[in-house]
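Please work through the exercises below with the sequence and the model side by side, trying each task before reading its solution.

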Amino acid sequence: MGARKRERRILALTGAAALLALSVNLIISAINAHNGSSKRKKKKRDLPCSSVHISLSASEIDRLTDHIIAKSKDTYDLVASVPLGKVSYANVISPLAELEAQQFPLIQSCVFPKMVSTLDDVRKASCEAEKRLDSHLLMCRKREDVYRVVKAYADRGEQLGSEAQRYVQCLVREFERHGVKLTLSKRNEMENLKSRIDELSLKYIENLNAGTKFVLLNEQELAGMPREFLMELEKTDGKLKVLLTNFHVTPILEHCKIGASRKLIAVAYGQRGGAENLDILESLVESRHKFSQLLGYSSYAELVLEPRMARTSSKVFEFLEEVSANLNDLATRELKVLKDLKRKEEGDSPFGMEDFLFYMRRAEEQQLDLEFGEVKQYFPVSLVLSGIFKIFQDLFGLRFEEVKDCETWHDTVRLFAVRDVTSNDLLGYFYLDTFFREGKFAHTCVVPLQNGWLASNGTRKVAIALLISQCPKQIDGNPALLRFSEVVSLFHEFSHVVHHMCNRATFSRFSGLRSEGDFIEIPSQLLERWCYESVSLKMMSGFHQDMTKSITSEMCKSLKRRHDSFAGLKLKQEILLCLADQIIHSSENVDIVELLKHLHPKVMLGIPLLEGTNPASCFSRLAIGYEAICYSYIWSEVFAADIFASKFQDDLLNHYAGLQFRNKVLAPGGAKDPLEILSDYLGREPSIRPFIETVHFDLSIVHRVTSL
């Protein structure tokens with residue numbers, strides 16, 4: 001059956017009327033929620049199977065934090081008191097596993113209000129609680145007396161199930177990675193290094209953000225910029241002040257016709273951290289290496305990679321180099337198009353990094369007939385949500401039911417139960433905190449509030465998650481509309497919600513969103529691909545003035561082409577930074593300036609660094625959060641591409657394939673080795689080839705550009 005015929009069949013089966021009914025229900029629910037807030041509130045019932053505390057006051061957060069710390073200390077003291085000759089699973093491992101599972105929703109009850117509460121004192125109390133709890137939990141992981149007992153049990157080598165064995169191994173490794181085997185003097189040295197690392201990381205970020213850095217340009221030097229952009233710029237001494245932030249720099253690099261201005265801005269932006277940040281980074285990397293060597297690792301990269309899928313730095317290098325090499329031909333063809341286009345518009349001036357965004361946009365204008373203002377008209381929030389719900393329900397055999405009359409922290413927050421469509425078993429709940437409001441966390445994300453796990457009495461505890469987003473509100477009866485990038489972000493994050501709901505691990509530690517770092521993004525990277533396919537896009541869209549009219553097939557094709565355009569060059573830039581990150585964290589005494597001078601033209605097909613700049617001085621991921629693991633995003637994309645090509649490409653809504661993925665990939669969570677999970681699911685080892693094949697070059701760009 002042809003793709004178009006299959007698409008029509010699927011849409012006929014799902015029915016525009018069904019989608020419209022879902023969206024209307026969502027709208028009615030939102031209106032009812034709003035109207036209900038103005039009426040006298042009646043007592044809300046507790047949520048069954050939930051240990052999460054909603055809407056705690058500041059004083060209640062303080063008291064719950066005290067309780068968590070006291071209970072944790074009592075349990076750790078009890079385990080530490082077990083004689084080494086009498087250790088057993090029941091008196092050592094089980095109490096720690098139960099404590100971890102029972103306290104997780106209590107800890108989250110104290111921590112998540114800082115992201116969503118409307119009250120300043122509650123947000124402040126939540127931030128303080130997070131600091132206290134982090135400090136206490138870190139202290140617990142450093143308790144040598146508890147480690148001795150756990151290690152004594154592990155050394156007995158009792159026969160355990162695979163998940164229990166994995167849990168014991170994780171406990172031992174966690175204690176050892178926190179230095180419990182070190183002498184007192186080395187532990188003190190480790191603490192000093194950790195404080196030094198934190199101090200340098202903070203200094204790097206502060207230096208990057210310090211002051212208001214800007215460049216002054218006149219209107220002629222900003223030729224090509226939209227009038228509304230120029231109107232927003234502050235005027236100083238007869239010139240326009242361009243701030244060195246993404247909000248100003250990216251539009252200029254995309255739209256400014258003056259090559260000299262683009263270069264001036266790109267160089268200034270690349271110099272933000274300056275020589276000071278390079279010195280800070282050098283000291284930071286040196287301290288990280290010393291820290292890892294104290295723990296017995298050859299480098300900081302080896303320390304960080306040990307618990308991840310890649311395991312070793314050599315594996316990461318092998319992976320990045322293979323991807324980069326396979327992209328060379330594609331990226332070379334893409335670069336030739338950009339160079340030819342610049343030659344037509346600016347003569348023989350050399351092509352530099354400052355030209356990438358401008359000429360990519362110019363080429364895309366020739367290739368694509370796409371107006372994002374028009375695209376936005378097809379994505380009302382309510383219809384996007386109803387479409388996302390239907391896709392995930394149909395694909396994975398789930399049912400989402402709205403839960404009324406349960407307490408929430410704001411009257412716009414909605415709560416849903418998730419059930420298996422066949423057995424009707426309750427899998428979990430998720431809260432949707434969808435709309436913008438002051439004081440709320442500013443990005444779309446998912447927060448696990450309670451992990452799914454199996455209690456010692458045999459009862460199954462369900463998963464609970466919170467999805468936070470900043471969707472616009474409906475104003476004066478006009479539906480709130482989403483930009484396409486917001487649709488993709490919402491779909492991606494909802495994938496994490498479903499991953500959390502589908503977990504069937506025994507231990508709370510291995511719940512869906514507690515998987516190994518390289519694995520956690522694979523399901524969401526896979527499912528994000530639905531956002532670029534016509535069948536699923538039409539299920540999530542409808543013209544806001546007539547929701548029975550979905551987005552056109554041509555728009556769908558254009559969105560996909562735009563996503564794929566110049567993918568080789570874009571990935572090359574990402575690989576460059578990933579390689580730099582891995583090199584400086586796997587080797588000692590690396591000259592970062594010389595490294596980038598050598599690495600940049602090698603990876604970027606001969607294009608040198610912009611003179612006077614160094615990405616390492618203003619690449620915040622090197623300072624905090626992604627050190628030695630910048631590669632992981634590309635890693636996830638590669639594995640996701642293999643799964644998509646093997647299982648879903650020919651039928652996006654294949655229920656059987658979806659159930660297989662749910663049961664074999666989502667359900668284990670972190671209870672099994674991720675490579676084992678994926679190999680079992682695919683029936684072979686994962687391959688890089690499908691990813692390389694999906695990153696393709698649209699020759700229509702060449703024909704359109706050369707015909708200008």
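The exercises that follow go from domains to helices and then to single residues.

The model is predicted, so that local features need pLDDT of at least 70 and side-chain atom pairs count only at pLDDT 80 or more, whereas totals for chains, interfaces and linings use all residues. Residues are numbered from 1 along each chain as its sequence is written, and side-chain values use heavy atoms, with hydrogens and water left out.

**Exercise 1. Describe the interface of domain 2 and domain 3.**

Start with the bounds, which come from an automatic or database domain assignment: domain 1 is 58-181, domain 2 is 209-371 + 569-622, and domain 3 is 375-560 + 632-703. Taken over C-alpha atoms, the centres of domain 2 and domain 3 are separated by 30 Å.

Next, count the residues in contact (heavy atoms within 4.5 Å): 25 residues of domain 2 meet 30 residues of domain 3. The size of an interface is often given as the accessible area lost when the parts come together. Here the buried area, which is the accessible area (1.4 Å probe) that two parts lose on being put together, summed over both, is about 2300 Å², with 71% of it on carbon and sulfur atoms.

Then turn to the polar pairs. A polar contact is a pair of N or O atoms within 3.5 Å, where within protein one must be able to donate a hydrogen and the other to accept it, and residues adjacent in sequence count only if both atoms are side-chain atoms. Between domain 2 and domain 3 there are 5 residue pairs in polar contact, both residues being at pLDDT 80 or more. On the side of domain 2 that touches domain 3, the elements giving two or more residues are H15, H16 and helix H23 (567-586), and the largest share, 10 residues, comes from H15. Helices (H or I, at least four residues) and strands (E, at least two) are DSSP runs, numbered from the N terminus.

Finally, the rule for a salt bridge (a side-chain nitrogen of Lys or Arg within 4 Å of a carboxyl oxygen of Asp or Glu) finds 2 across this interface.

**Exercise 2. Compare the expected span of helix H12 with the distance between its end C-alpha atoms, and find what its buried residues pack against.**

The expected span is 1.5 Å times one less than the number of residues, so the 12 residues of H12 (residues 259-270) should span 16 Å, and this agrees with end C-alpha atoms that are 16 Å apart.

For burial, use relative accessible area: buried means under 20%, exposed over 50%, and partly exposed in between (1.4 Å probe, protein chains only). By this rule 9 of the 12 residues of H12 are buried, which leaves the helix mostly covered; among them are Arg 262, Ile 265 and Tyr 269. The packing partners of the buried residues are strands S1 (214-217) and S3 (239-243), together with helices H11 (246-255), H15 (313-346) and H16 (356-367).

**Exercise 3. Which helix holds Glu 174, and what does this residue touch?**

Glu 174 lies in helix H8 (residues 162-177), whose 16 residues should span 22 Å at 1.5 Å a residue, in agreement with end C-alpha atoms 22 Å apart. The buried residues of H8 include Tyr 167, Leu 171 and Phe 175, and those buried residues pack against helices H3 (58-80), H4 (89-111), H6 (120-141), H7 (144-156) and H27 (674-682).

Glu 174 itself counts as partly exposed because its relative accessibility is 23%. Not counting residues up to four places away in sequence, Glu 174 touches Arg 141 and Arg 509. Just after H8, Gly 179 takes a positive phi of about 85 degrees.

**Exercise 4. Is Gln 103 buried or exposed, and which residues is it in contact with?**

Gln 103 is found in helix H4 and is buried, because its relative accessible area is 6%. Leaving aside neighbours within four places in sequence, Gln 103 is in contact with Ile 68, Lys 71 and Ser 72. A polar atom of the Gln 103 side chain lies 2.9 Å from the backbone oxygen of Ile 68.

**Exercise 5. Characterise Arg 311 and Leu 605 by phi.**

Most residues other than glycine have a negative phi. Arg 311, although not a glycine, has a positive phi of about 70 degrees, and Leu 605, also not a glycine, has a positive phi of about 60 degrees.

Arg 311 lies in the loop between helix H14 (300-305) and H15, and is partly exposed because its relative accessible area is 29%. Arg 311 forms a salt bridge with Asp 673, the closest N and O atoms being 2.9 Å apart. Leu 605 is found in the loop between helix H24 (592-603) and helix H25 (632-648), and is partly exposed at a relative accessible area of 24%.
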